[in-house]
Amino acid sequence: MRKFHQNRPAIYALHPWQVVETEFKPEHNHRSESIFSLGNGYMGLRGTFEEGLPSHVPSTPGIYINGIYETEPIIYGEFMAKQPQEYQTMINVTDWKGLKIFLEHEEFSMLQGEVEEYSRVLDLKEGVLRRELIWRSPKGKRTKLSFERFISQVEKHLAFQRCSVTPLNWLGQLTIRSQVNGAVRNVHHLRERALQVLSTEHTNESGVIISKTRNSGIAVACAVTHRTSPETSIMGSAGPESLEFAVRFQAEEGAAYTVEKYIAMATSRDVAEEHLGGLAQRLVHRSAEIGYAQAKAAHVQFLQGFWADADVQIDGDLALQQGVRFNALQLLQSTGRDGRTNIAAKGLSGEYYEGHYFWDTETYIVPFFLYSNPSIVRKLLEYRYSILDAARENAKRMRDQGALYAWRTINGHEASGNFLGSTVQYHINAAVAYAIYKYVEATDDLDFLAEMGAEILFETARCWAHRGVFLEAKGGKYCINEVCGPDEYKPGVNNNCYTNYMAQFNLRLALQARDVLSSKYPEKYAELVEKLQLTADEFALWQKCADNMYLPFDEKLGIHPQDDSFLYKDPIDIDSIPEEEIPLVANWHPLVIWRYQVIKQADVILLMFLLGDQFTLEEKKANFDYYEPKTTHDSSLSPAIYSIIAAEIGYQEYAYNYFLQTVRLDLDDYNRNAWQGLHTACMAGSWMGIVNGFAGMRTFGGQLSFQPFLPEKWERYSFKVRFKGAQLQVTVEPNQVQYSLLEGAALSFYHFRQPVTLAAGEALTLEIPS
């Protein structure tokens with residue numbers, strides 16, 4: 001086992017419902033921009049200051065709209081056929097947050113004068129960011145400043161800011177200049193500025209900027225309006241790429257002066273470009289009429305409902321309690337809910353990974369939402385259906401049939417120019433299929449299966465049935481060659497164990513979908529058969545491929561070889577690798593990595609979790625014992641899965657230590673890269689570590705089951721899961737667990753393999769076997 005990050009001091013003050021910064025240090029600003037980010041799945045804002053910072057302070061200013069991207073040609077050093085030709089990069093859009101504050105002729109800056117008191121608080125319960133401080137200007141003016149912002153969870157197009165300024169020892173002219181800047185660009189990606197301003201319009205208190213990307217042709221509108229207290233005049237003006245609104249008060253000592261800023265963002269994906277400015281303006285004026293207080297109340301009420309379903313309570317460790325709630329909020333803030341978008345690897349908190357969607361969604365993030373808010377999962381799967389034609393094109397590019405989902409994408413087309421880390425990972429098809437299965441299993445939403453899911457399953461099965469070969473050298477078994485499993489340190493291998501098992505699952509699932517549709521939705525089934533030109537011979541081929549899939553197993557070692565070559569690679573003691581050479585992908589040549597028995601992230605061990613009902617406990621233990629010492633966990637996706645399997649096989653200390661790597665990865669900046677954006681899949685993994693790991697929750701064959709234990713350092717923990725129309729609360733305490741049915745007429749499940757049935761409103765306390 002590699003060394004764990006243990007006993008690392010918390011960077012931010014511990015609090016069950018807040019992330020608090022009590023001192024501003026410019027050298028930490030970059031990291032804090034990610035930590036204090038806000039979003040609602042449609043729009044996201046990094047935690048940058050309203051007044052801005054000097055250019056020498058590390059910063060990545062960013063406001064993003066999910067799924068809004070620019071394209072640029074991929075430049076290759078040498079020609080290779082059939083490579084992707086365009087990058088897709090999530091763009092930094094119009095910056096609406098600017099507020100410059102002048103105390104007579106002195107401009108407020110955190111780096112000038114003296115900050116006497118300071119706190120910045122991300123309120124996890126309310127989804128609101130607040131900053132309060134007392135500032136003494138260079139000329140001695142003491143002033144209390146309060147900033148608050150939120151991005152509405154109720155109306156996805158809207159954001160809100162409030163700034164209050166209170167003179168403490170002076171009186172005179174107070175000026176607040178509200179700014180909107182259209183001259184924005186990405187800091188870390190794109191060779192050219194993406195967004196070009198088409199027009200700026202303004203009245204005294206309102207305005208709108210219309211912009212458009214150079215290459216992808218997506219138009220973006222940003223409209224703002226303002227309210228003040230006490231009421232005073234507002235003077236608006238416009239430049240070629242910006243808006244500014246000057247608010248002036250004759251300030252008295254001890255009185256508070258407030259500006260409220262209302263923002264609406266929309267794109268040509270929401271409405272035709274010619275109607276875009278009008279839509280944004282109508283939205284922003286309506287929000288101002290409703291008012292800040294009412295909009296905030298609706299937003300907070302939404303969060304109350306979210307926490308009622310998704311909160312995990314931990315008694316006995318405040319740092320972990322804070323961590324799991326921070327992670328849950330950031331997942332909500334980053335996940336698209338419109339059927340056209342997904343969740344990027346860094347969510348809406350940063351530019352890195354360019355806003356691309358990966359298999360992380362289906363494998364890690366879907367479980368978090370599936371058992372708390374399954375309607376969000378349906379929308380995530382609707383996105384996969386919306387890009388099915390692009391997946392079909394990708395399959396043709398690779399001389400395959402059916403559909404092959406892109407490894408990293410926004411618009412459905414492959415956006416990675418490194419095929420050894422992208423196209424080779426065919427297992428994304430099975431990840432999408434698996435998520436469809438788990439969604440239908442948990443919700444009984446057969447309508448989705450008929451309307452969208454089955455077509456995805458048929459086309460991915462068609463790809464698997466064409467991709468492999470029945471090999472005489474393998475006893476006539478169906479083999480899938482030149483692929484990469486979840487372990488990206490072993491690309492281009494034959495018979496990756498994870499891939500073959502998941503392909504078999506995908507093929508059999510497609511056949512099950514055929515049976516369901518032909519029986520329950522015969523008209524839709526006939527429509528799909530005609531549309532896809534499905535035949536009995538093709539279904540028979542799927543069955544033959546599944547039944548004859550080559551499934552690696554080594555009798556001598558009692559393990560499932562990761563691929564045909566893994567056991568023959570050079571052994572290496574990964575604990576002998578210097579810490580400064582981790583991650584290997586950033587320090588070793590790929591050929592060096594590939595030749596060793598070294599694993600980037602859970603591969604066979606992930607298989608033991610996803611298809612756990614196909615393996616014995618002894619097999620899981622043997623595989624864990626073999627692969628764990630060979631895994632560097634250079635991907636943040638890895639520790640959660642090792643934690644879950646360690647819990648299942650009785651390695652509770654391993655389980656807890658691996659779990660610790662997931663909960664506060666970003667809050668305590670374990671990898672020193674939180675500034676790039678948050679690790680959304682790892683955040684979801686922290687939920688999985690508790691629910692699937694410590695509580696042992698599984699849903700195999702449509703049956704819900706639990707095998708919980710209480711970590712030594714905890715007093716209790718509690719969570720809720722939705723399953724088949726019911727909601728169950730699970731509370732684990734020393735030596736016992738209480739199950740309470742909160743919603744639903746009845747629910748049957750298993751407690752340590754013993755059947756349990758609860759009626760509506762019933763609670764039952766059961767012992768945890770020793």
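**Reasoning from values to terms**

Me: Which residue of β25 is the bridge partner of I314?
Reply: In this predicted model, the bridge partner of I314 in β25 is Y717.

Me: How do you know that β20 and strand β25 pair?
Reply: Two strands pair if there are at least two bridges between them. β20 and β25 (residues 716–723) have three bridges, in the antiparallel sense, so the requirement is met.

Me: What makes β20 and β30 the edges of the sheet?
Reply: The open sheet has five strands in the order β20-β25-β26-β27-β30, with antiparallel pairing. β20 (313–315) and β30 (763–767) each have a single partner strand, so one side of each lacks a neighbour in the sheet. From one strand to the next, the twist averages 20 degrees.

Me: Why is R467 said to have no salt bridge?
Reply: R467 belongs to helix α9 (residues 446–467) and is buried. Its nearest side chain of opposite charge, D400, is 4.4 Å away. A salt bridge requires a separation within 4 Å, so this pair does not qualify.

Me: What makes the approach of N481 to R467 a polar contact?
Reply: The backbone oxygen of N481 is 2.8 Å from a polar atom of the R467 side chain. The cut-off is within 3.5 Å, so the distance satisfies it. N481 is also among the residues that R467 touches, as are D400 and Y426.

Me: Why is Q112 called partly exposed?
Reply: Q112 lies in the loop between β8 (106–107) and β9 (114–123). Its relative accessible area is 46%. Buried means under 20% and exposed over 50%, so Q112 falls in between.

Note on methods:
Residues numbered from 1 in each chain as written. Predicted model: local features only at pLDDT ≥ 70, side-chain atom pairs only at ≥ 80, totals over all residues. Heavy atoms only, no water. Helix = DSSP H or I, 4+ residues; strand = E, 2+ residues; numbered from the N terminus. Axes fitted to C-alpha atoms, helices over the stretch in contact; angles between N-to-C directions. Buried < 20%, exposed > 50% of the residue type's maximum accessible area, 1.4 Å probe, protein only. Lys, Arg positive; Asp, Glu negative; His and termini not counted. Polar contact = N/O pair within 3.5 Å; in protein donor to acceptor, adjacent residues only side chain to side chain. Contact = heavy atoms within 4.5 Å. Lists of a residue's contacts leave out its neighbours within four places in sequence.
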